[in-house]
Amino acid sequence: MLQPEEDLVLDRLIHEPGRLAILTVLSSVRDADFVFLQRATGLTKGNLSSHLTKLDEAGLVEIEKRFVRKKPNTNVALTAEGRRRVAHHWDQLERLKNLSRA
Amino acid sequence: MQRRQLETAAANYSYLRGLLFVPLGGLSLLAALGNWQVGPLRHDWVFVVVAVAIGLSYLPISRYYNDNYGRLSPSTREQVRVAAGSVIAVAVVLGGSTLLRSRADWSLDLPVNAIAVTFAVVMLISYGIGVGLKAHHVIIWGALLVTGALPVWNGADPSNIGVVLAGVAVIVSGVFDHRLFVQTFGPPHAVDYENGDVAA
């Protein structure tokens, strides 16, 4: 039986398309709010909320709840661990893509 | 999954909120009209009042984008890039226009509209680096560049006309940027934000 190369094992938490989209958008900014993430990823409010909960529990994002002009506003930023893991995940995907071409 | 598209969402958000550029274009036009002392703009207080009114129009436009499309803080790297780019842009416009046409000894003194040429070059480079040149950028800023570079600007200093042309280009480009922004992020009110958001 083939043993998977440990380096090429994909992170299941991050590999889910919605969560990977959120983390990738966040990797290009310091922080972003819920509405921007919804616009950038195209996720529904419920899906985005659910994914953010999972990412928060895993310590990949930090969520700050605040009020902006008396309306609740949720601000999200990647943690250092989140930044490291999403960069690593994209590296893995690139390597897999290159392997499949070889 | 389009990695590049997701990674450039923030850049598109920052560069393509085109309606924010409309007041800037308006201020350029006002500056030129003020220099010519057109109508009531010959009075300083009228100029100041109109400038403040145009400047204040930035606030509801900014609020429109924040409410409908959310907020983000650019990365430190992006902030440094924008700051450095702004300094370089000002230097290019001032230095370039002095080189192309001015009273300086070292000026080439060409019969071109130096403001139009240098501003168009700066905008083409800025958009090119920021979000990649779109068709309307090439057409609008290319037209300004060609217009300014035509050797027909003899006689009196054409700087003020250059400011007018640049102002019009900023407004038109802003409207087209906004159109592209809506195509990219969806129409306003497509996201329910009335009661705030719901998250983890």
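In which sense do β1(A) and strand β1 (residues 72-74) of chain B pair, and over how many bridges? The two strands pair in the antiparallel sense, over 3 bridges. The model described here is predicted. The points below treat the pairing of these strands, the contact between the chains, and the packing of two helices in chain A.

**Strand pairing between the chains**
- The strand of chain A in this pairing, β1, covers residues 29-33, and its partner in chain B covers residues 72-74.
- One of the residues involved is A:Ala32, whose bridge partner in β1(B) is B:Leu72.

**The contact between chain A and chain B**
- Chain A gives 28 residues to this contact, and chain B gives 25 residues.
- On the side of chain A, two or more residues come from each of α2, β1, α3 (34-41), α4 and β3 (71-78).
- The largest share of that side belongs to α3(A), with 6 residues.
- Sorted by class, the side of chain A that touches chain B holds 14 nonpolar, 7 polar and 7 charged residues.

**Helix packing within chain A**
- Helix α2 (residues 17-26) and helix α4 (residues 45-57) of chain A have axes that come within 10 Å and cross at roughly 75°.
- Angles of 65 to 115 degrees count as roughly perpendicular, and α2(A) and α4(A) are therefore roughly perpendicular to each other.
- From α2(A), the residues A:Gly18, A:Arg19 and A:Ile22 meet A:Asn47, A:His51, A:Lys54 and A:Leu55 of α4(A).
- The residues of this helix contact comprise 2 nonpolar, 3 polar and 2 charged.

Notes
Residues are numbered from 1 along each chain as its sequence is written. Chains are lettered from A and ligands numbered from 1 in the order in which they are written. This is a predicted model: local features need pLDDT of at least 70, side-chain atom pairs count only at pLDDT 80 or more; totals for chains, interfaces and linings use all residues. Axes are lines fitted to C-alpha atoms, for helices over the stretch in contact, and angles run from 0 to 180 degrees between N-to-C directions. Helices (H or I, at least four residues) and strands (E, at least two) are DSSP runs, numbered from the N terminus. Angles under 35 degrees count as roughly parallel, over 145 as roughly antiparallel, 65 to 115 as roughly perpendicular and the rest as oblique. Two residues are in contact if their C-beta atoms, placed from the backbone, lie within 7 Å. Ala, Val, Leu, Ile, Met, Phe, Trp, Tyr, Cys and Pro count as nonpolar, Asp, Glu, Lys and Arg as charged, and the others, Gly among them, as polar. Two strands pair if DSSP finds at least two bridges between them.
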